[in-house]
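Here's a quick tour of one chain. Have a look at the model first, and then we'll go through what the numbers say.

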Amino acid sequence: MQDLLKKIIEMDEQARKVEQQAKSEKLKSEEDVEKLREQIYNDYIERAKARVEKNIGVEEKRAQEYLKAYEERIDSAKKEMRGLLEANKEQWVDEIVKRSLA
C-alpha cells in the first residue's frame, strides 16, 4: 500500500513537471512567434520605406523634366512674342494711336 501511494505521488510529480515543461515551451513558442511577427513587420516596413524613397526619387526626376519642358515652352513663346513685337511694333503703335484719336 505504501509503495502504491509512493508511486502515485511520483507519477503526480512527474505529471506536474511535464505540465510545467509544456507551459514553459508554450510560453517560449508564443514569444518566438511574437518575435517573428515583429521581424516580419519590421522587414515589411523597411521594404515599404525603400520603395517610397525610390518612388520619391523617380517622381522628383519626372517633375524636374516636366518643369524643364514647361520652361522651354515659355521661353519659346517669349521669343516668338518678342519677334512679333519687333516685326510689328511700328504698325501696332500707329494703329493704337489712330484708334485712340478716332
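Is Arg-99 buried or exposed? Arg-99 is exposed, because its relative accessible area is 64%. Here buried means under 20% relative accessible area, exposed means over 50%, and partly exposed is in between, with a 1.4 Å probe and protein chains only as cover.

Before going further, a word on the ground rules. This is a predicted model, where local features need pLDDT of at least 70 and side-chain atom pairs count only at pLDDT 80 or more, while totals for chains, interfaces and linings use all residues. Residues are numbered from 1 along each chain as its sequence is written, and side-chain values use heavy atoms, with hydrogens and water left out.

**Overall shape**

The secondary structure comes down to one helix and zero strands. The chain is more spread out than a compact globule, because its radius of gyration is 42 Å, well over the 13 Å that the globule rule gives for 102 residues. That radius is taken over C-alpha atoms, and the rule is 2.2 Å times the number of residues to the power 0.38. Along the principal axes, the C-alpha trace spans about 135 × 25 × 5 Å. Helix 1 covers residues 2-101; helices are DSSP runs of H or I with at least four residues, strands are runs of E with at least two, and numbering starts at the N terminus.

For a feel of the distances, take Lys-98 and Asp-32: they sit 66 residues apart in sequence and 92 Å apart in space, C-alpha to C-alpha. Lys-98 belongs to helix 1 and is exposed, with a relative accessible area of 56%.

**Surface and charge**

Of the 102 residues, 2% count as buried. The accessible surface adds up to about 10300 Å², and 57% of that belongs to carbon and sulfur atoms. These areas come from the Shrake-Rupley method with a 1.4 Å probe; for residues, only the protein chains shown count as cover.

As for charge, there are 23 positive and 25 negative side chains, and the centres of the two sets lie 2 Å apart. Lys and Arg count as positive and Asp and Glu as negative, leaving out His and the chain ends. Each charge is placed at NZ of Lys, CZ of Arg, CG of Asp or CD of Glu.

**Salt bridges**

How many salt bridges are there? The count is six, where a salt bridge is a side-chain nitrogen of Lys or Arg within 4 Å of a carboxyl oxygen of Asp or Glu. The table includes some of them.

| Pair | Closest N and O atoms |
|---|---|
| Asp-32 and Lys-28 | 3.3 Å |
| Glu-34 and Arg-37 | 2.8 Å |
| Arg-99 and Glu-95 | 2.8 Å |

Asp-32 and Lys-28 are separated by about one helical turn because they are four residues apart in helix 1. Glu-34 and Arg-37 are three residues apart in helix 1, so about one helical turn separates them too. Arg-99 and Glu-95 also lie in helix 1, four residues apart, about one turn of the helix.

Several partners are partly exposed: Asp-32 at 37%, Glu-34 at 33%, Arg-37 at 46% and Glu-95 at 31% relative accessible area.

**A nonpolar patch**

Which residues form a nonpolar patch on the surface? Tyr-66, Leu-67, Tyr-70 and Ile-74 do, with about 400 Å² of accessible area together. Patches are made of residues with over 30% relative accessible area and no salt bridge, joining like charges within 9 Å and nonpolar side chains (Val, Leu, Ile, Met, Phe, Trp, Tyr) within 5 Å. Tyr-70, located in helix 1, is partly exposed, with a relative accessible area of 40%.
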